[in-house]
Amino acid sequence: MIVCCVWTGQCLGQGYNRNYRSQQSSNRHSMNYQNAPGFVVGGSGAVGANGAGAAVLGGGLSHVQSATERRYTGGEMLKFLNVEQDPCSDFYDYACGKWLQNQNVSDARDGDVITVPGLLERKVVQQLQRRLDDASRNPHPVVNKFYRSCLSTNWNEEKLFIKRFVASYGGLPDVKDTWRERAYQWIEILARLKLDFNLDILIAFSMAPNGRPVLREPSTTIMPAELCNAEASPQIDEQDEIFETIQMKIKEKLQLWFDFGDGDANRLAGDIQRFEFDLCKFMRKADIMPIKTDEEEEEEEDGEREEADSGRPPPLTNYGPRRQGRSPIPPHLHSKQRLLELETNQKLINFVQLCMGQPQGQGRTDFQIISPEYLQYLTGISGRKPSFANYIMYRALSELTLPQMDRKPYCVRKVMQMFPEYMGSLYQMSIPAQTREFVKQDVASIFRDIKEAIPRSLRKSIDSLQISEPSYQSGVVGGVDPQTYAGIKTNGNYWEILKSITLNNVQQQQVLLTPPTQRGRQSAPILASNVVEAFATHLGSNEKIVQFGWGLLQPPFYAYNYPKSLKYSSLGFAIARQLIKNHLDEQNANDRGATTRQPYSAQLDEFLSQRECFRAQMSSYFFNTPDVFRNASQLSEFMADATALSVAFTAYNNWLDKQEAFNPDLKFETLPKMNFSNTQLFFINFAQISCAERFSEEPTPEPSECCPLDLHTPERLKINGPLSNDEEFGLDFNCPIGADLNVADKCSILGNEFKRSY
């Protein structure tokens, strides 16, 4: 039996059954070696707990932290805690209650959300900035020239660019001598902006892996996504304060660029905002889940009772059997008639041909439609050419003009965007080879443990996946052949160089999509096709591989010598989340594809039932009723978080099971000054890597007692939601059944196979 000390400071002896729970997990380990005088396994033996010393690998890299490092790590975690909060009521406030007050917000702007990924990305930018500032450490002349042109461009040069840009890209009704309404062709302007500067305004253009063009709605809008969608927009009052704030920002930019007076700037800002607001009513429709009305539910229940009485099997609708939480016709299955109309729409055909550099009017071009309702509305707008021009020009200049403040970080990010392979290779090369090798082995080990912890029934889409770092061409400086950027012209201003880089990248992409047998001998070298680049602060995956960015593998998210309790709750959780998302995508696709010829399987039926459980939870959390929430994307994120947490904890517990009883490294699983068991540290760290708080220059008002749902934010749900569905968390923090963080009716897609091993 293990003797352990929990967060209350009490040591529990062998009479306590919590750590064994023979009905569920006979080998679970919850320990606090740091605070206990020792721990006992199997009734005999003890290991000291002073934590001094650290085993060192070859080359001086230790796999456990020194006493000083452990004190620092524990101190960093401790300072964010709000121990006055009840962890069973609001673990977000418990783990992150002092998050913002312990961050350096000297450079933060009003409204910025301070998060761990944001801190990691900032560190990456600072590291790459040092390399770019030192020409000897940034050997590529094209990259050097582009970076320095970005830094040195002044306001007079930018004003001249704006004047020429407006005249070159269709003009504006309110800018003298630039507007020709009859000649204005907004489709042509969009295609030119895509070709020249890779801007996705109004229509997003991309190429599928098979080389087929794909058209969809743009991913970014002026309005925030939570307001700009087909569900929220129709319910919003245009007099709302958020609209006034957005309009003011648009007005300020227009006055800066064109010296408009207040009246003209207000009028144009209002026109731009209203134009997008009308588009928002047709955007992000794929995210909306249909929910049956009470009348439909009653009708379905009556039908099911009749079917049960008759002994007949349940009838199939046009797209599968009736099931809770789905409509007879899924919203993703659009009518063939609408798609046919769009595929023969001359505006869209012209747009695709222009983007691909093909002559217009020469037959039909094959392309795929992703957002049919949106594109149908967009191409059907008539008589609003001035509004098209105002909106397109505002969006384009917002992307292309340079900030007057914080110019260096902006220019570094622009270099990363335009030269991703080169900058990724430079970042990866800056990590010592031996460190890289040790960390890669550590990541691969955690990856294997996570895969083993996932039930077999969920492994179909992930069994063949492996994990790796990004790959770059060896033997050349920066991992990129010098000829790759040979066609870029660097003898102009910043925007001329930017345009030349964009054209070069488009040509590279076209070569990449060309079958090897059709490439000429003089083709430009092919860039590496990574899922993520080395500077990335996240994971990425495709059907073959999971890749990690080295930007992710740095404190506070990860360190090679962190305790396993921290590594499994951060990196292990992130890996599990990436794998689970693959499974969720597959199951959601199966749901959309279920038809009379391919009816539901029992596994899919159970998945849909649990998906509905999660959806009702989110709806109750945000709206205090189970029948309102319908955002499919946010639902998938929530399900991935909750499932990944359970998988990561199981993987950590399995790792503990494999350790020898007297393994001296086990004493490093807890931290000094933190009166928590190893498994409690797991959950605290899980929460703290997701801490997120918005910086405000004005004091944040306390939530009103009359409006408790004001505290029910997405940031809180990301932590509290998964924990409330996790049985182990409730046991670790002694949360009674029915507490906010230990709900009785838990949701899980992992099934009975997982629960038996949990």
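## A walk from Ser565 to the cavities

Ser565 makes contact with Tyr652, Glu669, Asn678, Leu681 and Phe682, leaving aside residues up to four places away in sequence. Bear in mind as you look around that this is a predicted model. The serine belongs to helix 18, which covers residues 564-593. Its relative accessibility is 0%, and buried means under 20%, so Ser565 counts as buried.

From there, let's turn to the nonpolar core. The largest one has 189 residues, and the members that touch the most other members are Phe91, Leu202 and Phe419. Helix 20, residues 632-658, is the top contributor to this core, giving 15 residues. The core also isn't confined to one domain: at least three of its residues come from domain 1 (73-102 + 562-700 + 709-757), and at least three from domain 2 (154-289 + 338-400).

Pick out Phe91 and you can see who its neighbours are. Not counting residues up to four places away in sequence, Phe91 touches Cys96, Phe683, Ile684, Ala687, Ile719, Asn720, Leu723, Phe729, Phe733 and Leu741.

Next stop is helix 6, which runs over residues 186-197. Its twelve residues reach 16 Å from the first C-alpha to the last, close to the 16 Å expected at 1.5 Å a residue. How much of this helix is buried? Nine of the twelve residues are, so helix 6 is largely enclosed by the rest of the structure. The buried set includes Trp186, Ile187, Ile189, Leu190, Ala191, Leu193 and Phe197, and Lys194 and Asp196 are buried as well. Just past the end of the helix comes Asn198, with a positive phi of about 55 degrees.

Finally, have a look at the empty space inside. There are three cavities of 30 Å³ or more, and the largest holds about 80 Å³ of space. Which helices each supply at least two residues of its lining? They are helix 7 (241-258), helix 8 (262-280) and helix 13 (385-400). Helix 13 gives the most, with three residues. To trace the whole wall of the largest cavity, go through Leu172, Pro173 and Asp174, then Leu254, Phe258, Phe260, Leu268 and Ile272, and finish with Asn390, Met393 and Tyr394.

Technical notes: Residues are numbered from 1 along each chain as its sequence is written. This is a predicted model: local features need pLDDT of at least 70, side-chain atom pairs count only at pLDDT 80 or more; totals for chains, interfaces and linings use all residues. Side-chain values use heavy atoms; hydrogens and water are left out. Helices (H or I, at least four residues) and strands (E, at least two) are DSSP runs, numbered from the N terminus. The expected span of a helix is 1.5 Å times one less than its number of residues. Buried means under 20% relative accessible area, exposed over 50%, partly exposed in between (1.4 Å probe, protein chains only). Contact means heavy atoms within 4.5 Å. A nonpolar core is a set of buried Ala, Val, Leu, Ile, Met, Phe, Trp, Tyr and Cys residues joined through side-chain atoms within 4.5 Å. Domain bounds come from an automatic or database domain assignment. On a 1 Å grid over the protein atoms alone, a cavity is a set of points where a 1.4 Å probe fits but cannot get out, and a pocket is an open set with protein on both sides within 12 Å along at least five of seven lines; lining residues have an atom within 4 Å of a point. Grid points are joined across faces, edges and corners, and a volume is the space filled by probe spheres set on the points.
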